[in-house]
Amino acid sequence: DVQWSTDYNMVRDAYSGMKKISIEEESSSYHGTMVHGEALIDSLTMTAGTKILIRDQLSLFPNEFWIHDRGFNPATMEFIYGNQRNVPYRLERVSTVDKGKRVVTSSDLEWTLGNQFRTEEIYASKLAPIS
């Protein structure tokens, strides 16, 4: 289970410390941590009987969602998933809805919204560096 709070805690939420948080963002953000700090679960995708130790932290800011999830082998503490460099995933808001219509809020990322927001050439150029 995840417990949400509007209180930003510099120690608990240190994973998002690379983000400069304004007073406005701090007062309108939500931070989620696992109720017991971590959870031991049965893996649904690995060998039957395999356990995963999960540690998750989440921060929802007005225009960003930060996800810091990690999974470990509980017996060896070997890394299974998440960012091994201890850097959270940062998702940026690309659009919002105003009066029932989608409004693009990030022109740099508009191409991620689908075919109606990009040409095939733009799509190919964006994916080329990771192909």
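Is Leu113 buried or exposed in this predicted model? Leu113 is buried, with a relative accessible area of 18%. The legends below begin with this residue and then turn to other close-up views.

**Figure 1. Leu113 in the loop between strand 9 and helix 2.** Strand 9 covers residues 101-104 and helix 2 covers residues 120-127, and Leu113 lies in the loop between them. Leu113 counts as buried because its relative accessible area of 18% falls under the 20% limit. When residues up to four places away in sequence are left aside, Leu113 touches Val94, Ser95, Arg102 and Val104. One of these partners, Ser95, is 18 residues from Leu113 in sequence, and the two C-alpha atoms are 8.5 Å apart in space.

**Figure 2. Glu110 in the loop between strand 9 and helix 2.** Glu110 is partly exposed, at 28% relative accessibility. Not counting residues up to four places away in sequence, the contacts of Glu110 are with Val94, Val104 and Phe117. Glu110 and Val94 are 16 residues apart along the chain, and a distance of 6.4 Å separates their C-alpha atoms. Val94 and Val104 are also among the residues that Leu113 touches.

**Figure 3. Glu64 and its side-chain polar contacts with Trp66 and Arg90.** Glu64 lies in strand 5, which spans residues 64-72. With a relative accessible area of 15%, Glu64 is buried. The side chains of Glu64 and Trp66 are joined by a polar contact of 2.7 Å. A polar contact of 3.4 Å joins the side chain of Glu64 to that of Arg90.

**Figure 4. The salt-bridge network of Glu64, Arg90 and Glu92.** Glu64 forms a salt bridge with Arg90, in which the closest N and O atoms are 3.4 Å apart. Glu64 lies in strand 5 and Arg90 in strand 7 (residues 89-92), so this pair ties together parts that are 26 residues apart in sequence. Arg90 also forms a salt bridge with Glu92, and here the closest N and O atoms are 3.1 Å apart. Salt bridges that share partners thus join Glu64, Arg90 and Glu92 into one network. How exposed is each member of the network? Glu64 counts as buried at 15% relative accessibility, whereas Arg90 is partly exposed, with a relative accessible area of 43%. Glu92 is partly exposed as well, at 34% relative accessibility.

**Figure 5. The salt bridge between Asp42 and Lys51.** The side chains of Asp42 and Lys51 meet at an N to O distance of 2.7 Å. Asp42 is partly exposed, with a relative accessible area of 47%. Lys51 is likewise partly exposed, and its relative accessible area is 36%. In the whole structure, a search finds 4 salt bridges; among them are the Asp42 and Lys51 pair, the Glu64 and Arg90 pair and the Glu92 and Arg90 pair.

**Figure 6. A nonpolar surface patch made by Val2, Trp4, Tyr30 and Leu60.** The patch formed by these four residues amounts to about 380 Å². One of its members, Val2, is found in strand 1, which covers residues 2-5. At 39% relative accessibility, Val2 counts as partly exposed. Val2 can belong to the patch because its relative accessible area of 39% is over the 30% required of patch residues.

Terms used. Residues are numbered from 1 along each chain as its sequence is written. This is a predicted model: local features need pLDDT of at least 70, side-chain atom pairs count only at pLDDT 80 or more; totals for chains, interfaces and linings use all residues. Side-chain values use heavy atoms; hydrogens and water are left out. Helices (H or I, at least four residues) and strands (E, at least two) are DSSP runs, numbered from the N terminus. Buried means under 20% relative accessible area, exposed over 50%, partly exposed in between (1.4 Å probe, protein chains only). Contact means heavy atoms within 4.5 Å. A polar contact is a pair of N or O atoms within 3.5 Å; within protein, one must be able to donate a hydrogen and the other to accept it, and residues adjacent in sequence count only if both atoms are side-chain atoms. Patches are made of residues with over 30% relative accessible area and no salt bridge: like charges are joined within 9 Å, nonpolar side chains (Val, Leu, Ile, Met, Phe, Trp, Tyr) within 5 Å. Accessible areas come from the Shrake-Rupley method with a 1.4 Å probe; for residues, only the protein chains shown count as cover.
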